[in-house]
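Here is a structure to examine at the bench. Some labels need justifying, and each gets a question.

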Amino acid sequence: MSGTMGNLLEVRGLRTVFDTRAGEVRAVDGVDLDVRPGECLGVVGESGSGKSVTFASVMGLVRSPGRIEEGTIRFEGRDLRALSPKELRRIRGRHIAMTMQDALTALNPALTIGEQILEVLYAHDETLPSVGRARTEAARKKAVEMLTLVGIPSADDRLRYYPHEFSGGMRQRIMIAIALACRPKLLIADEPTTALDVTIQAQVLELIADIRTRLGMSVVLITHDLGVVSEYCDRVMVLYAGQVVEEGPTAAVIGDPRHPYTKGLLRSIPRLSLRGQPIEPIEGQVPDLIGLPPQCRFYSRCNERIDACLQPIAMREIGAARRARCIRLEEETRP
Amino acid sequence: MTVSEPLIRVESLVKHYGGRRSLMDRLAGRPAISIRALNGVSFTVARGETLGLIGESGCGKSTLGRAVLRLHEPTAGRVTFDGADVTALSPAELKAMRRDMQIIFQDPYASLNPRRTVAEIVGLPLKLHNLAKSGREARDKVAAIMERVGLKAAHLDRYPHQFSGGQRQRIGIARALISNPRFIVCDEPVSALDVSIQAQIIKLLIELKRELGLTYLFVSHDISVIGYLSDRVAVMYLGEIVEMGPVERVLQSPRHPYTQSLLSAVPDVDSPGLRKRVKLTGDLPSPQAPPPGCKFHTRCPLAVERCRTDVPVVRTVGEGHTAACHFAEELVQG
């Protein structure tokens with residue numbers, strides 16, 4: 001990987017495991033990733049690919065029986081794993097914020113949305129007056145501003161409402177408002193639209209894109225939908241069974257996928273234009289993450305496999321900006 | 001109707017939920033509130049056809065699938081299956097009819113009894129309809145259908161939790177198929193699955209349809225899935241079909257503004273950013289108090305005064321293509 005300078009977030013060799021009775025589950029196994037200032041990175045993978053655990057690790061949210069075994073997580077050059085819980089809290093919520101997939105369970109049902117936004121502001125916003133009525137007034141004003149920014153009408157009034165009084169799309173917006181309350185430099189959005197209808201999904205994604213431009217923040221969009229990645233992300237990273245298998249500029253990866261898994265995923269998407277043509281699914285299923293043999297993890301499902309795949313496979317550079325974890329890339333002639 | 005009577009004919013189907021008042025409501029003189037899930041839906045499904053049903057949460061598409069099978073008793077209207085009036089059947093007759101009409105559910109976790117083995121789950125319809133003479137025969141039949149849907153017959157005595165999501169959906173399909181039905185309601189059968197597994201199940205459903213001559217009513221919120229496997233498509237909004245027709249026509253030249261905005265909201269992996277977004281604002285209105293006139297007028301980008309008062313009639317805009325919009329004739333998307 002080139003140029004470590006200037007990355008907002010830089011993760012190297014991240015391994016997160018979960019100890020279970022059946023054995024050690026290697027949920028994230030050697031993930032490297034970069035997020036550059038202002039960019040939108042799409043992270044794609046199916047259930048069990050490790051996409052959510054990777055970012056839970058970045059946020060310091062991995063709890064027992066899970067643990068980060070090794071790896072460095074640098075945010076603006078500072079190693080987050082070396083920070084004290086107090087120092088980490090100062091960064092999390094203030095400079096890195098995360099929205100969860102399910103807004104209904106992520107929001108506290110017993111507090112009004114106003115209380116939930118104010119909590120973040122009181123904890124992190126240093127620009128607020130330090131004491132008294134002025135502080136309350138300023139925080140409240142900011143909360144209204146954030147809700148208005150995410151498109152909640154008559155926000156002033158809505159501060160007194162509880163999460164259940166909003167629709168699914170509105171709740172997702174409220175969670176985004178809470179995440180953005182302190183104008184973070186990095187927003188990690190974990191499946192922000194999976195539970196939403198397409199017309200609402202479009203509204204929420206447009207909103208994130210719009211705020212990204214206005215605030216100049218970076219966004220990590222965790223999703224299983226390649227269509228969403230194609231429309232909204234500058235770069236994309238494909239995860240499979242705990243490892244990054246392909247990474248590069250979105251248009252290049254989707255237009256010319258190089259890893260057999262990425263190719264298979266793209267072939268799996270039904271399209272109107274493919275009517276009458278047989279769909280070509282990836283056969284089989286994701287391997288058990290306990291006691292994985294040291295070989296290509298996609299081996300059992302791959303239609304391009306050869307004997308040489310039965311060894312640990314490293315990432316290979318494809319030009320300056322792309323990488324893929326496939327041994328057969330060696331066979332291609334390089335310019 | 002001389003050529004061939006459609007397998008399924010649905011006429012003005014209505015389903016209202018609720019409407020009962022508590023004592024407090026009665027004392028306070030509050031009116032009954034009912035949810036109007038279906039408001040006079042009519043369509044046919046020809047033999048061997050797949051009719052796709054799309055719409056967003058709360059539009060009534062799942063209710064429609066269930067009301068057709070009388071899993072939910074319709075409030076009014078009529079459903080005929082191969083000429084027989086399903087809505088008029090006695091409970092015993094309905095049970096016999098269910099052999100021919102089956103359903104595959106969305107959630108492969110919630111729709112299988114966790115305390116029964118696969119052999120029991122899949123074999124139950126054989127028992128209910130007396131389709132096997134002996135336990136041995138039932139087991140053989142279950143084993144055969146398991147193999148057909150891509151499961152190992154050796155796993156017959158396992159419990160649902162021992163299978164992955166995709167495998168469980170195959171169990172649900174096996175259960176629906178074992179009584180040799182002619183018509184299947186597929187209620188979001190791939191929505192809970194990962195992309196690669198989703199493709200496996202779609203492929204299986206298409207193969208089974210061809211081999212067994214099945215007819216599908218395929219309910220989904222995913223327009224790409226519907227576009228890929230349906231012959232005709234019906235678009236629902238607030239308990240009504242707003243547009244219906246051959247899939248290419250409806251998805252490539254939609255005539256109802258709702259269909260147009262729905263299609264434009266789907267992110268496209270092949271040509272990102274090429275489509276003109278028809279933006280919808282706001283959420284779906286409550287089906288307890290649907291708006292007057294055209295039900296879509298509160299979110300429609302093209303609504304005019306007339307839409308707020310006049311209910312649009314269904315117009316024919318092409319061969320087998322209908323749309324319920326005052327301006328359907330003019331709304332050709334360029």
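What follows is a set of questions and answers on a predicted model.

Q: How do you know how far to trust chain B and the model as a whole?
A: pLDDT is the predictor's confidence in each residue, from 0 to 100. Chain B has a mean pLDDT of 91. In that chain, 97% of the residues reach 70 or more. The model scores ipTM 0.83 and pTM 0.87. One caution applies: where pLDDT is low, the predicted coordinates should not be read in detail.

Q: What makes the radius of gyration of chain A agree with a compact globule?
A: The globule rule is 2.2 Å times the number of residues to the power 0.38. For 335 residues that gives a value near 20 Å, and chain A has 21 Å, so the two agree. The C-alpha atoms of chain A fill a box of roughly 70 × 50 × 45 Å along the principal axes. Buried residues make up 47% of the chain. Of the contacts in chain A with a separation of 6 or more, 65% are between residues 24 or more positions apart. Chain A has 11 helices and 12 strands.

Q: What makes the radius of gyration of chain B agree with a compact globule?
A: The rule puts a compact globule of 334 residues near 20 Å; chain B has 21 Å, so it agrees. Its C-alpha box is roughly 70 × 60 × 45 Å along the principal axes. Buried residues account for 45% of chain B. Among its contacts between residues at least 6 apart, 64% join residues at least 24 apart. Chain B has 11 helices and 12 strands.

Q: What makes a set of residues a nonpolar core, and which members touch the most others in the largest one?
A: The members must be buried nonpolar residues of the listed types, joined through C-beta atoms within 7 Å. The largest core has 184 residues. A:Ile117, A:Ala177, A:Val220, A:Leu221 and B:Val235 touch the most other members. Helix α7 (residues 168-180) of chain A gives the most to this core, with 8 residues. In soluble globular proteins, nonpolar side chains tend to be buried together.

Q: What does A:Ile117 touch, leaving out residues up to four places away in sequence?
A: A contact needs C-beta atoms within 7 Å. On that test, A:Ile117 touches A:Ala143, A:Met146, A:Ala177, A:Ile178 and A:Ala181.

Q: Why is strand β3 of chain B called mostly covered?
A: A residue is buried if 20 or more other C-beta atoms lie within 10 Å of its own. In β3(B), residues 50-54, 5 of 5 residues are buried, so the label follows. Both faces are covered. B:Thr50, B:Gly52 and B:Ile54 lie on one side, with B:Leu51 and B:Leu53 on the other.

Q: How do you know that β3(B) pairs with β8(B) and with β9(B)?
A: Pairing takes at least two bridges between strands. β3(B) and β8(B), residues 215-220, share 5 bridges in the parallel sense. β3(B) and β9(B), residues 232-237, share 4 bridges, also in the parallel sense. Both counts meet the cut-off, so both pairs stand. B:Ile54 stands opposite B:Ser220 in β8(B). B:Leu53 stands opposite B:Ala234 in β9(B).

Q: Why are β2 and β5 of chain A called edge strands?
A: Each pairs on one side only. The open sheet has 4 strands in the order β2-β1-β4-β5 (chain A), with antiparallel pairing. β2(A) covers residues 23-35 and β5(A) covers 78-79. Within the sheet, β1(A) (residues 9-20) and β4(A) (residues 66-75) pair over 8 bridges in the antiparallel sense. There, A:Thr16 stands opposite A:Ile68.

Q: Which residues of helix α4 of chain B are buried, and what covers them?
A: In α4(B), residues 118-128, the buried residues are B:Val118, B:Ile121, B:Val122, B:Gly123 and B:Pro125. Their cover includes α5 (135-148) and α6 (165-177) of chain B. After α4(B) comes B:Asn130, with a positive phi near 50°.

Q: What makes up the contact between the two chains?
A: Chain B puts in 31 residues and chain A puts in 30. On the side of chain B, α7(B) gives the most, with 8 residues. By class, that side has 14 nonpolar, 11 polar and 6 charged residues.

Key:
Residues numbered from 1 in each chain as written. Chains lettered and ligands numbered in written order. Predicted model: local features only at pLDDT ≥ 70, side-chain atom pairs only at ≥ 80, totals over all residues. Buried ≥ 20, exposed ≤ 12 C-beta atoms within 10 Å, placed from the backbone. Helix = DSSP H or I, 4+ residues; strand = E, 2+ residues; numbered from the N terminus. Nonpolar A, V, L, I, M, F, W, Y, C, P; charged D, E, K, R; others polar.
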